[in-house]
Amino acid sequence: MDDVDRKILAELQQDGRLTVTELAARVRLSVSPCHRRLRELERSGAITGYRAVVDAAALGLTFEALVFVSMRQEDRETVAEFERAVSELDHVLDAQRLFGEPDYLLRIATADLAAFQRLYDERLATLPGVQRLTSTLVMKHVVRDRPLPA
């Protein structure tokens with residue numbers, strides 16, 4: 001990956017709807033070489049997809065919490081079952097396995113506190129291998145969806 005590829009990635013992170021012609025102009029390439037580079041970045045996995053960034057409030061998801069998960073047991077089967085179950089929960093926006101304690105960090109969005117409590121009691125507390133859940137509420141986002149540095 002060279003500086004031109006990094007410029008292409010930076011531009012697309014800012015505006016994923018750019019046409020190849022617009023992208024080529026911004027990175028100072030002609031259209032054909034820009035298109036070739038773009039396809040190679042997609043083929044190599046540097047670009048994993050394109051999507052719209054949607055305002056959670058527009059969908060009525062105005063309550064956000066971070067949930068720290070400590071596991072009772074961490075054998076391969078339990079971890080796989082836990083991760084599979086978490087991946088099936090639509091309100092879990094991000095799930096990260098951590099080194100140290102706690103074992104996982106989940107970012108969750110729901111309509112309100114009551115919806116979060118239901119999710120917590122009915123789904124999160126019953127996930128395989130969970131020993132303890134600790135939640136904290138998001139007051140505001142200071143940095144969100146920042147593009148990766150080039």
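In this predicted model, the contacts of R107 make a good place to start. Leaving aside neighbours within four places in sequence, R107 is in contact with E64, A65, L66, H91, V92, L93, D94, H141 and R144. The residue itself is found in strand β3. One of these contacts can be described in finer detail: the side chains of R107 and E64 are joined by a polar contact of 2.9 Å. E64 also has a bridge partner in β3, namely A109.

The strand that holds R107 deserves a closer look. Strand β3 spans residues 104-110, and 6 of its 7 residues are buried, so the rest of the structure largely encloses this strand. As a general reminder, the strands of a sheet pair through backbone hydrogen bonds, and the pairing can be parallel or antiparallel. Here, strand β1 (residues 63-71) pairs with β3 in the antiparallel sense, over 7 bridges. Strand β2 (residues 92-97) also runs antiparallel to β3, and 5 bridges join these two strands. Within that second pairing, Q96 stands opposite L105 of β3.

The connection between β2 and β3 has some details of its own. The two strands form a hairpin with 6 residues between them, and in the turn G100 has a positive phi of about 80°. The loop between β2 and β3 also contains P102. A cis peptide bond joins P102 to E101, with omega at about 0°.

Strand β2 is also the place of A95. With a relative accessible area of 45%, A95 is partly exposed, a label used for values from 20% to 50%. Not counting residues up to four places away in sequence, A95 touches V86, L105 and L106. A longer view along the chain links A95 with T21: the two residues are 74 residues apart in sequence, and their C-alpha atoms are separated by 37 Å.

These pairings can now be put together. The result is an open sheet of 4 strands, in the order β2-β3-β1-β4, with antiparallel pairing. Strands β2 and β4 (130-137) stand at the edges with a single partner strand each, so one side of each has no neighbour in the sheet. On average, neighbouring strands of this sheet are turned by 20° against each other, direction ignored. Strands β1 and β4 pair in the antiparallel sense over 7 bridges. In this pairing, V67 stands opposite S135 of β4.

A helix accompanies the sheet. Helix α5 (residues 113-122) packs on the sheet and touches β1, β3 and β4, and its direction makes about 135° with that of β3. Which residues of α5 are buried? They are A115, F116 and L119. Seen down the axis of α5, the buried residues fall within an arc of 100°, so they line one face of the helix. These buried residues pack against β1, β3 and β4. On the other side of α5, L113 and E122 are exposed. The start of α5 shows a further detail, where a side-chain oxygen of D112 reaches to within 3.3 Å of the backbone nitrogen of A114.

The earlier part of the chain has a contrasting make-up. According to an unreviewed UniProt entry, residues 1-62 are covered by the annotation "domain: HTH asnC-type". Over residues 1-62 the chain is 55% helix and 0% strand, and the end C-alpha atoms of this stretch are 39 Å apart. R28 is found in the loop between α2 (20-27) and α3 (31-44). Phi of R28 is near 60°, a positive value in a residue other than glycine. R28 counts as exposed because its relative accessibility is 77%, and the cut-off for that label is over 50%.

A positive phi also appears in the segment after β4, where D145 is found. For D145, which is not a glycine, phi is about 50°. At 52% relative accessibility, D145 counts as exposed.

Technical notes: Residues are numbered from 1 along each chain as its sequence is written. This is a predicted model: local features need pLDDT of at least 70, side-chain atom pairs count only at pLDDT 80 or more; totals for chains, interfaces and linings use all residues. Side-chain values use heavy atoms; hydrogens and water are left out. UniProt positions are given in the numbering used here, feature names are shortened, and annotations may be inferred rather than shown by experiment. Buried means under 20% relative accessible area, exposed over 50%, partly exposed in between (1.4 Å probe, protein chains only). Two strands pair if DSSP finds at least two bridges between them. Axes are lines fitted to C-alpha atoms, for helices over the stretch in contact, and angles run from 0 to 180 degrees between N-to-C directions. Contact means heavy atoms within 4.5 Å. The arc is that of the directions from the helix axis to the C-beta atoms. A polar contact is a pair of N or O atoms within 3.5 Å; within protein, one must be able to donate a hydrogen and the other to accept it, and residues adjacent in sequence count only if both atoms are side-chain atoms.
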